[in-house]
Amino acid sequence: MLTGKNNDEKIWNYLKAKGFSDYGAAGVMANTQAESGNNPQNLQNIYEKKLGFTDATYTAAVDNGSYGNFVRDSAGYGLCQWTFWSRKQNLLTFAQAQKKSIGDLEMQLDFLLKELSEGYGSLLEKLRSAGSVKEASDAFMLQFERPADQSEAAKNRRTSCGQQFYDKFAAKTKKEEGKMSNSPLVSYTKISPNRNSPRNHAIDRITVHCVVGQCSVETIGNVFAPTSRQASSNYGIGPDGRIGMYCEEKDRSWCSSSSDNDHRAVTIEVASDTAHPYAVKDAAYRALLDLLTDICKRNGKKKLLWFGDKTKTLAYAPKSDEMVMTVHRWFANKSCPGQYLYDLHPEMAAEVTKRLGGGTASAPTTSTAQTSSGSAAFKDYLVRVSVTDLNIRKGPGTNNAVAGVIKPGVYTIVAESTGHGATKWGKLKSGAGWISLDFCKKV
């Protein structure tokens, strides 16, 4: 059922519910307004006198069967002014199958979506990811409506109309969604269709990811553009430090293999090397610190917290002025954000909190170890390591130096400990050091 006080609001709400971006919805409405005044019963003006009908009498005559030339009369009709005989035939068949009037608004919107889905897939994808009203309006005009007048002046008139719809409805949506804003540091925007709008939780987390490639913000945007990709992030940072946006902050990205985390977190993909430790360029890291600071500041946060422990982090209820950092590896069998960025999390939290004037940010670095010699309850056990880039640390925690990299295989654990960077650490029987048990399976 359509919701709204008038046709404009009903069309906007329908398109948004079907996954159109704010710009995409405004772009479609710019065209339906130009074609029909958003009146689903609109009969092309020059045919009213020619056929002897008004909008209402034409609609009624088609519905009751007293006028039988709807398909072949060449008259534009409805929201989109469907004109060509085969499309009018499909519209009539669709309406009759739904047992709706040919002039029913919801039926025509369903038919429009059917046409887009079945015959204009790339256009539909663009309308769900458009980054401006003009981009969406021009695409719909040139690919779907194809009016006789395709001049720049005609395109600009439709864009201007679409901007009015955007200003009216998108502004209202933003107000209702808590006035969430986006970073002014963004220099490139390509909205991904892979998102949920709006997110269902206030922003109180940030999740930094590595791209696994020194990709530009444009390339990252292209990666997230197809619906088949089923992935996105709120922001991306290129190796040159430029920042791109792919999901507005009001929307949940599909980034961390956890819907709960993504509904709460602003997600950031950072261009990185393609091999361990997945290092990032200095320019990208500087931009990341700036973006983290900006996100916290706009969301009213004075502290960015990094606990380095999955269980503690996910159980923690942030105060109203706190933002908490999480990592992708906690929710999937991945090394993301790579060891380079992972090891920088304490520094990120401290630096951003310092910039915000919030004091101390990181959790205490103390750890508690349980060994076979120090506890009668502990028994040595075997674990299987499958990943190829797992670091051996000199102590239990990523704040300890790297002693080497362990090869895939089966190893004996003689002690356990808590510490930064993992849910639990295990001491190798060989004495080589400690490894994160998050990436091991007990055998």
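Helix 2 hides much of itself. Its buried residues are Asp22, Tyr23, Gly24, Ala25, Ala26, Gly27, Val28, Met29, Ala30, Asn31, Thr32 and Ser36. That makes 12 of its 15 residues, so the helix is mostly covered, with buried meaning under 20% relative accessible area. This is a predicted model.

Helix 2 covers residues 22-36. At 1.5 Å a residue, its 15 residues should span 21 Å. The end C-alpha atoms are 21 Å apart, which agrees. Just after helix 2 comes Gly37, with a positive phi of about 65°.

Now step back to the whole chain. It contains 15 helices and 17 strands. The globule rule gives 22 Å for 443 residues, but the radius of gyration is 28 Å, so the chain is more spread out than a compact globule. The box filled by the C-alpha atoms is roughly 100 × 45 × 35 Å along the principal axes.

How much of the chain counts as buried? Of the 443 residues, 52% do. The accessible surface comes to about 19400 Å². Carbon and sulfur atoms account for 50% of that surface. Contacts also reach across the sequence. Among those between residues at least 6 apart, 64% join residues at least 24 apart.

Salt bridges give examples of such links. The structure holds 22 salt bridges. One of them joins the side chains of Asp251 and Arg195, at 3.4 Å from N to O. This pair links distant parts of the chain, 56 residues apart. Asp251 sits in the loop between strand 5 (243-245) and strand 6 (252-253). Arg195 belongs to strand 2, residues 195-196. Both Asp251 and Arg195 are buried. They also belong to a wider set: Arg195, Lys250 and Asp251 are linked in a network of salt bridges.

The loop between strand 5 and strand 6 also holds Glu249. Which residue does Glu249 meet in a salt bridge? Its partner is Arg298, and the distance is 2.4 Å from N to O. Arg298 lies in helix 12 (residues 282-298), so the pair ties together parts that are 49 residues apart in sequence. The two ends of this bridge are covered to unlike degrees. Glu249 counts as buried because its relative accessibility is 0%. Arg298 has a relative accessible area of 25%, so it is partly exposed.

Helix 12 takes part in another bridge, through Asp290. The side chains of Arg355 and Asp290 meet at 2.8 Å, N to O. Arg355 lies in helix 15 (residues 345-356), so this bridge ties together parts that are 65 residues apart in sequence. Arg355 is partly exposed, with a relative accessible area of 37%. Asp290 is partly exposed too, at 38%.

The last stop is a nonpolar patch on the surface. Leu382, Val410 and Val443 form it. Together they have about 230 Å² of accessible area. Where is Leu382 placed? It is in strand 11, residues 381-385. Why can Leu382 count towards the patch? Patches take residues with over 30% relative accessible area, and Leu382 has 38%, so it passes that cut-off. At that value Leu382 is partly exposed.

Key
Residues are numbered from 1 along each chain as its sequence is written. This is a predicted model: local features need pLDDT of at least 70, side-chain atom pairs count only at pLDDT 80 or more; totals for chains, interfaces and linings use all residues. Side-chain values use heavy atoms; hydrogens and water are left out. Patches are made of residues with over 30% relative accessible area and no salt bridge: like charges are joined within 9 Å, nonpolar side chains (Val, Leu, Ile, Met, Phe, Trp, Tyr) within 5 Å. Accessible areas come from the Shrake-Rupley method with a 1.4 Å probe; for residues, only the protein chains shown count as cover. A salt bridge is a side-chain nitrogen of Lys or Arg within 4 Å of a carboxyl oxygen of Asp or Glu. Helices (H or I, at least four residues) and strands (E, at least two) are DSSP runs, numbered from the N terminus. Buried means under 20% relative accessible area, exposed over 50%, partly exposed in between (1.4 Å probe, protein chains only). The radius of gyration is taken over C-alpha atoms; the globule rule is 2.2 Å times the number of residues to the power 0.38. Contact means heavy atoms within 4.5 Å. The expected span of a helix is 1.5 Å times one less than its number of residues.
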